[in-house]
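Biologist: I would like to learn how to read a structure like this one. Take me through it feature by feature.

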Amino acid sequence: QFIPLGVLGALAAVAAVVWLSRRRLSLRGELATAVRRREFHMHYQPIIELDTGICVGAESLVRWTRPDGSHVRPDLFIPLAEEHGLIDALTDQVIERVIDDMRELLVQDRSAHIAINLSAGDVSSGRALKVLAAKLAGTGIHPQQIWLEATERGFIDIQRARNTLAVARRTGHCVAIDDFGVGYSSLQYLQQLPLDALKIDKSFIDAIGTDSATSPVTSHIIDMAKTLGLFTVAEGIETPAQLAYLQARQVEFGQGWLFSRALPPEEFIAFHHQRLQQYGKARENFQNPN
Ligand code: C2E
Ligand code: MG
Ligand code: MG
Ligand code: MG
């Protein structure tokens, strides 16, 4: 019997949707177990001062390795954790791991900083800040050495976001807006937020030197950061041409595979020391302006 192609296509689409939602469902169960069993660890991607080549710190990035050795990407499981009430417990573990992994380095090198990503829920509740303060107490790490990254998804309730970010800065943390340019950011809206830095989303870095429609936007985004008096951090730098452009535009900091991928803690610490020897002593850069 002949079945029209359209029907086959529709069946395939339904099967795909069913398969995806079952996968999410089973992943959700697994995620809850993983949170309970603390199956997460952190990698650290070096952040480079673009005009000197010095490694000024790192962004911490959570990693989930399942018992069978396979990995799940954070952009898959972080939203899932947010949807299913697991994000608080996950963020607690992230904070704990970062401070334990990086304590020695941060106490040794006062100019180094580590950035922690906050989820939308963390920004709206502000709870993570209390957990962080409790964890930092007695470690000798200065709050200035912890940067916090928040995406615009966390700014749905602008009043709450502003509160959380203001508390963070009063405590001494630097606050960066993450994935800048992909959301709805306008100058007016950004001016309302207490910020120190903008992280330019990788999609704008990818566009540098191409003739895509996005390419001129990158330049405007850099101008915007400068107008607001914020540091700029470029994410996802992969080529020397992108680096040269960003240096010419005086973007202060950057990270990307051109320098290094995200590394396990010991490898990042070795990378940091090696860069210091190679490029000279770090400057005292990260003076929180408030
Ligand atoms: P993000 O905060 O924008 O992190 C940057 C992502 O770009 C990381 O992906 C990093 O590995 C990747 N990346 C950096 N340089 C390059 C490059 O040169 N080329 C390419 N192709 N990719 C590069 P990752 O680790 O998969 O994290 C994805 C997202 O998951 C993060 O985006 C962040 O939104 C979220 N995430 C990661 N760790 C955490 C965490 O501890 N807490 C929270 N709430 N979210 C996290
Ligand atoms: Mg980030
Ligand atoms: Mg980012
Ligand atoms: Mg990004």
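Modeller: Start with helix packing, and keep in mind that this is a predicted model. α3 passes α11 in a right-handed crossing.

Biologist: How is a pair of packed helices described in general?

Modeller: Two packed helices are described by the angle between their axes and the distance between the axes.

Biologist: At what angle do α3 and helix α11 pack, and how far apart are their axes?

Modeller: The angle is about 15°, and the axes of α3 and helix α11 (residues 265–279) are 10 Å apart. An angle under 35 degrees counts as roughly parallel. α3 and α11 are therefore roughly parallel to each other.

Biologist: Which residues of α3 and α11 meet?

Modeller: From α3 come Asp101, Met102, Leu105 and Gln108. They meet Pro265, Phe268, Ile269, His272 and His273 of α11.

Biologist: Now helix α5. At roughly what angle do the axes of α3 and α5 cross?

Modeller: They cross at roughly 30° and come within 10 Å, with α5 spanning residues 127–136. α3 and α5 are therefore roughly parallel to each other. The crossing of α3 past α5 is right-handed.

Biologist: Which residues make up the α3 and α5 contact?

Modeller: α3 offers Asp88, Thr91, Asp92, Ile95, Glu96, Ile99 and Asp100. α5 offers Arg127, Ala128, Val131, Leu132, Lys135 and Leu136.

Biologist: On to the core. Which residues of the largest nonpolar core touch the most other members?

Modeller: They are Phe40, Ile146, Phe155, Leu246 and Phe268, in a core of 71 residues. The largest share of this core comes from helix α3 (residues 87–108), with nine residues. Phe268 also meets α3 from the α11 side.

Biologist: What does leucine 246 contact, leaving aside its neighbours within four places in sequence?

Modeller: Leucine 246 is in contact with Leu50, Ile205, Ile208, Ile222, Ala234, Ile237 and Val251. Another core, of 10 residues, lies apart from the largest one. Its members include Ile54, Ala115, Ala176 and Val233.

Biologist: Next, the metals. Which residues coordinate the magnesium ion (ligand 2)?

Modeller: Read a metal site donor by donor. For the magnesium ion (ligand 2) the donors are Glu59 (OE), Asn117 (OD1), Glu149 (OE) and Asp178 (OD), at 2.0 to 2.2 Å. Then read the spacing along the chain: E-x57-N-x31-E-x28-D. Glutamate 59 in strand β2 (residues 55–65) and aspartate 178 in strand β6 are 119 residues apart, so this pair links distant parts of the chain.

Biologist: Are glutamate 59 and aspartate 178 buried or exposed?

Modeller: Glutamate 59 and aspartate 178 are both buried. Aspartate 178 has 7% relative accessibility. The cut-off for buried is under 20%, so aspartate 178 falls on that side.

Biologist: Which residue coordinates both the magnesium ion (ligand 2) and the magnesium ion (ligand 3)?

Modeller: Aspartate 178 does, and these two ions are 3.6 Å apart. The magnesium ion (ligand 3) is coordinated by Asp178 (OD), Asp179 (OD) and Glu235 (OE), at 2.0 to 2.7 Å. Its donors follow the spacing D-D-x55-E.

Biologist: What are the protein donors of the magnesium ion (ligand 4)?

Modeller: They are Asp179 (OD) and Glu235 (OE), 2.2 to 2.3 Å from the ion. Aspartate 179 sits in strand β6 (residues 174–180) and glutamate 235 in strand β8 (residues 231–235), 56 residues apart. The magnesium ion (ligand 4) lies 3.1 Å from the magnesium ion (ligand 3), and aspartate 179 coordinates both.

Biologist: Why is glutamate 235 called buried, and aspartate 179 partly exposed?

Modeller: Compare each value with the cut-offs. Glutamate 235 has a relative accessible area of 12%, so it is buried. Aspartate 179 has 22%, so it is partly exposed.

Biologist: Last, the backbone. Where is arginine 38 found?

Modeller: Arginine 38 is in the loop between α1 (5–37) and β1 (40–49). Its phi is positive, about 55°, although it is not a glycine. At 46% relative accessibility, arginine 38 counts as partly exposed.

Biologist: And what is phi of glutamine 250 near?

Modeller: Phi of glutamine 250 is near 55°, again a positive value in a residue other than glycine. Glutamine 250 lies in the loop between α10 (240–248) and β9 (253–255). At 58% relative accessibility, glutamine 250 counts as exposed.

Notes. Residues numbered from 1 in each chain as written. Chains lettered and ligands numbered in written order. Predicted model: local features only at pLDDT ≥ 70, side-chain atom pairs only at ≥ 80, totals over all residues. Heavy atoms only, no water. Donors = N, O, S within 2.8 Å, 3.2 Å for Na, K, Ca; no water. Helix = DSSP H or I, 4+ residues; strand = E, 2+ residues; numbered from the N terminus. Buried < 20%, exposed > 50% of the residue type's maximum accessible area, 1.4 Å probe, protein only. Core = buried A, V, L, I, M, F, W, Y, C linked by side-chain atoms within 4.5 Å. Contact = heavy atoms within 4.5 Å. Axes fitted to C-alpha atoms, helices over the stretch in contact; angles between N-to-C directions. Parallel < 35°, antiparallel > 145°, perpendicular 65-115°, else oblique. Left-handed = near helix turned anticlockwise from the far one by under 90°.
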